[in-house]
Amino acid sequence: GTATFFGNLIGTSATFSGKLSVSNSGADIIDLTRSSVGTYRLAISGSNAFSIFDVGANTDRLTISSAGLATFSNDIELSRAARTTIYASSTNQGVQLKSNGSGVLQLNADGGGNVTIAENGGNVGIGTDSPSSKLDITATRTAQLTLIELSTNTLSSANDDEISIDFGRGLLNKYSARISGYISNYSTYDGGLKFYTSSGGTLNTTPQLTISSGGNVIISKSDT
């Protein structure tokens with residue numbers, strides 16, 4: 001059958017076998033409040049002046065506005081055994097991750113997994129929203145501008161430690177060349193550059209050209 005209530009319905013439990021339809025001209029259509037602590041509440045509203053969905057405690061934890069904007073007051077944790085996906089529902093819309101103020105935007109895999117940017121014909125831009133190459137880094141020109149910094153916190157105390165850029169096909173473990181920045185004197189952090197070539201996709205263990213910290217150029221052998 002049908003039960004109609006005028007005013008507020010207050011009870012400890014209720015069971016409905018059919019459809020529950022609630023209509024109210026006020027602010028909150030459904031308001032579930034913990035009786036002993038009035039600040040804990042779940043409210044669903046129908047007025048444009050209020051949120052559509054509101055979970056509150058001492059302060060609101062989650063609100064969804066009438067325009068569909070969800071606002072969280074604390075961290076968001078998504079847990080799924082396989083994969084969690086965030087995507088734009090329209091092909092001409094993007095997904096934006098934004099850190100306001102001076103906060104840091106971090107992408108990390110706490111379990112030691114890889115963090116990847118998988119492309120499907122697109123480009124990656126840093127400092128530009130219209131990258132023209134696979135990786136496009138744009139910055140305001142200064143007298144001495146560093147666009148990319150490669151560093152490590154785990155260098156040993158031995159000389160000739162290297163930080164490298166490799167060229168090749170990593171998935172096939174085949175490489176054509178390597179450029180390395182190296183430390184020639186660990187105590188003074190003097191350093192230079194080493195250039196490696198390859199044979200049959202395997203990088204040579206000896207650099208073909210070295211530029212020392214003093215500016216000397218060392219060629220391991222000459223091509224004939």
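Colleague: Which side chains meet in a salt bridge at 3.4 Å, N to O?

Modeller: The side chains of E162 and K194 do so. A salt bridge is a side-chain nitrogen of Lys or Arg within 4 Å of a carboxyl oxygen of Asp or Glu. Side chains of opposite charge can pair when their charged atoms come close. This is a predicted model, in which local features need pLDDT of at least 70, side-chain atom pairs count only at pLDDT 80 or more, and totals for chains, interfaces and linings use all residues. Residues are numbered from 1 along each chain as its sequence is written, and side-chain values use heavy atoms, with hydrogens and water left out.

Colleague: How many salt bridges does a search of the whole structure find?

Modeller: The search finds 2. D166 also forms one with R178, where the closest N and O atoms are 2.6 Å apart.

Colleague: Is K194 buried or exposed?

Modeller: Buried means under 20% relative accessible area, exposed over 50%, and partly exposed in between (1.4 Å probe, protein chains only). K194 counts as buried because its relative accessibility is 12%, whereas E162, at 28%, counts as partly exposed.

Colleague: With which side chain does the side chain of Q208 make a polar contact?

Modeller: A polar contact is a pair of N or O atoms within 3.5 Å; within protein, one must be able to donate a hydrogen and the other to accept it, and residues adjacent in sequence count only if both atoms are side-chain atoms. The partner of Q208 is the side chain of T197, at 2.8 Å. Q208 and T197 are 11 residues apart in sequence, and Q208 counts as buried at 18% relative accessibility.
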